[in-house]
Amino acid sequence: EGAPEGIDLVEIRDFIESDVTKPRVVNLHVWSINDEVSTLAAHVKVADGVNCHELQQSLDHFCRQHFGITHTTIQTTHVDLFQD
């Protein structure tokens, strides 16, 4: 098993974790529905108080623009990143 051809999971993870709010990727999965449709599911920990909706929109846009991923499901969990 692996990501569909042309999709770089490390690049996607690095994009998420490069955000100034320092989110942490817990799980990241990408798979193909068919030859034209790829799907991403991610679980990301964010610090308490972070606007997770902005992060979700940013990741959705990044995946569409760079990899043609048209469906993303992004679960965020707010945590105290210094304690977790």
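Two strands are said to pair if DSSP finds at least two bridges between them. The exercises below apply this definition to a predicted model.

**Exercise 1. In which sense do β1 and β2 pair, and over how many bridges?**

Step 1. Count the bridges: β1 and β2 are joined by eight of them, and the sense is antiparallel.

Step 2. Locate one bridge as an example: His-29 has Ala-41, in β2, as its bridge partner.

Step 3. Examine the connection: five residues lie between β1 and β2, and the two strands form a hairpin.

**Exercise 2. Determine the order of the strands in the sheet, and state which strands stand at the edges.**

Step 1. Consider the other pair: β2 and β3 pair in the parallel sense over nine bridges. One of these links Ala-47 to Val-79, which belongs to β3.

Step 2. Assemble the sheet: three strands in the order β1-β2-β3 form an open sheet with mixed pairing.

Step 3. Identify the edges: β1 (24–32) and β3 each have a single partner strand, so each has one side without a neighbour in the sheet. Neighbouring strands are turned against each other by 10° on average, direction ignored.

**Exercise 3. Describe how α1 and α2 are placed relative to the sheet.**

Step 1. Take α1: this helix lies across β1 and β2 and runs at about 145° to β1.

Step 2. Take α2: this helix packs on the sheet and touches β2 and β3, and its direction makes about 150° with that of β3.

**Exercise 4. Which residues of α2 are buried, and where do they lie around the helix axis?**

Step 1. Establish the extent of the helix: α2 covers residues 52–67, 16 residues in total, and spans 22 Å from its first C-alpha to its last, close to the 22 Å expected.

Step 2. Apply the cut-off for burial, which is under 20% relative accessible area. The buried residues of α2 are Cys-52, Leu-55, Gln-56, Leu-59, Phe-62, Cys-63 and Phe-67.

Step 3. Look down the axis: the buried residues of α2 fall within an arc of 130°, and therefore line one face of the helix.

Step 4. Find their surroundings: these buried residues pack against α1 (9–17), β2 (38–47) and β3 (71–79).

Step 5. Turn to the face directed away from the buried side: His-53, Glu-54, Gln-57 and Gln-65 are exposed there.

**Exercise 5. Which residue caps the N-terminal end of α2, and which residue just after α2 has a positive phi?**

Step 1. At the N-terminal end, the cap is Asn-51, with a side-chain oxygen 3.0 Å from the backbone nitrogen of His-53.

Step 2. Just after the helix, Gly-68 adopts a positive phi of about 70°.

Definitions and conventions. Residues are numbered from 1 along each chain as its sequence is written. This is a predicted model: local features need pLDDT of at least 70, side-chain atom pairs count only at pLDDT 80 or more; totals for chains, interfaces and linings use all residues. Side-chain values use heavy atoms; hydrogens and water are left out. Helices (H or I, at least four residues) and strands (E, at least two) are DSSP runs, numbered from the N terminus. The expected span of a helix is 1.5 Å times one less than its number of residues. Buried means under 20% relative accessible area, exposed over 50%, partly exposed in between (1.4 Å probe, protein chains only). The arc is that of the directions from the helix axis to the C-beta atoms. Contact means heavy atoms within 4.5 Å. A polar contact is a pair of N or O atoms within 3.5 Å; within protein, one must be able to donate a hydrogen and the other to accept it, and residues adjacent in sequence count only if both atoms are side-chain atoms. Axes are lines fitted to C-alpha atoms, for helices over the stretch in contact, and angles run from 0 to 180 degrees between N-to-C directions.
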